[in-house]
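Reader: Hi! Could you walk me through this structure?
Author: Happy to, let's have a look together.

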Amino acid sequence: MIDLRSLYQDVILDHSRNPRNSGELEPCSHAANGNNPLCGDKVRVYMQVGNGKIDDIRFDAKGCAISVASASMMTELVKGTEIGEARATFERFHEIVTRKGDISDDELEALDKLATLIGVREFPMRVKCATLPWHTMTAALDGVADDVTTE
Ligand code: ZN
């Protein structure tokens, strides 16, 4: 039997050590900053959006492995998708990591690589690390000028 926990850990470490789509995106149509003071995570998300679609997305992050890995996975998942789809992906992820009840196999599958992050459910502080990049992406889409903070 595969040890899911250590498999998940490997994926998270890989994304945090070799973040995908990291670095500034210039020019970009949307950008926002996020801040998780409890853990010290900081992220800036850049996007090029046209015709309701996220054509490109990059990020700069300084923080724990969870926050960087979540940002890296986010860019892979939302790049090239419709804005509505990107928002729905976050809503699904957010609902599941903040839910107390069980998660079905179908829900896990729908999360795709984000399923590797659901261990944060047991640690509310870690939920903030995992969701920070997503809140920041949403703020960028909404044109929020102030920094997003988890507090
Ligand atoms: Zn963190």
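**Serine 72 and its surroundings**

Author: Let's start with serine 72, which has a relative accessible area of 0% and is therefore buried. Keep in mind that this is a predicted model.

Reader: Thanks! Where is the place of serine 72?
Author: Serine 72 sits in helix α2.

Reader: And which residues does serine 72 touch, leaving out those up to four places away in sequence?
Author: Those are His15, Pro19, Arg20 and Phe59. With Arg20 there is also a polar pairing: a polar atom of the serine 72 side chain is 2.9 Å from the backbone nitrogen of arginine 20.

Reader: Switching to the metal, what coordinates the zinc ion?
Author: Sulfur comes from Cys39 (SG), Cys64 (SG) and Cys129 (SG), and Asp41 (OD) is listed twice, at 2.1 to 2.7 Å. Along the chain, the donors have the spacing C-x1-D-x22-C-x64-C.

Reader: Is aspartate 41 buried or exposed?
Author: Aspartate 41 counts as buried because its relative accessibility is 0%. Cysteine 39, at 30%, counts as partly exposed, since the partly exposed class lies between 20% and 50%.

Reader: Now the largest nonpolar core: which residues touch the most other members?
Author: Met47, Phe93 and Met137 do, out of 40 residues in that core. The elements giving two or more residues to this core are α1, β2, β3, α2, α3 and α5, and α5 gives the largest share, nine residues.

Reader: What does methionine 47 touch, again not counting residues up to four places away?
Author: Its contacts include Leu25, Ile54, Ile57, Met137 and Leu141, and among them are also His30 and Asp56.

How values were computed
Residues are numbered from 1 along each chain as its sequence is written. This is a predicted model: local features need pLDDT of at least 70, side-chain atom pairs count only at pLDDT 80 or more; totals for chains, interfaces and linings use all residues. Side-chain values use heavy atoms; hydrogens and water are left out. A nonpolar core is a set of buried Ala, Val, Leu, Ile, Met, Phe, Trp, Tyr and Cys residues joined through side-chain atoms within 4.5 Å. Buried means under 20% relative accessible area, exposed over 50%, partly exposed in between (1.4 Å probe, protein chains only). Helices (H or I, at least four residues) and strands (E, at least two) are DSSP runs, numbered from the N terminus. Contact means heavy atoms within 4.5 Å. Donors are N, O and S atoms within 2.8 Å of the metal (3.2 Å for Na, K and Ca); water is not among the atoms, so sites may look incomplete. A polar contact is a pair of N or O atoms within 3.5 Å; within protein, one must be able to donate a hydrogen and the other to accept it, and residues adjacent in sequence count only if both atoms are side-chain atoms.
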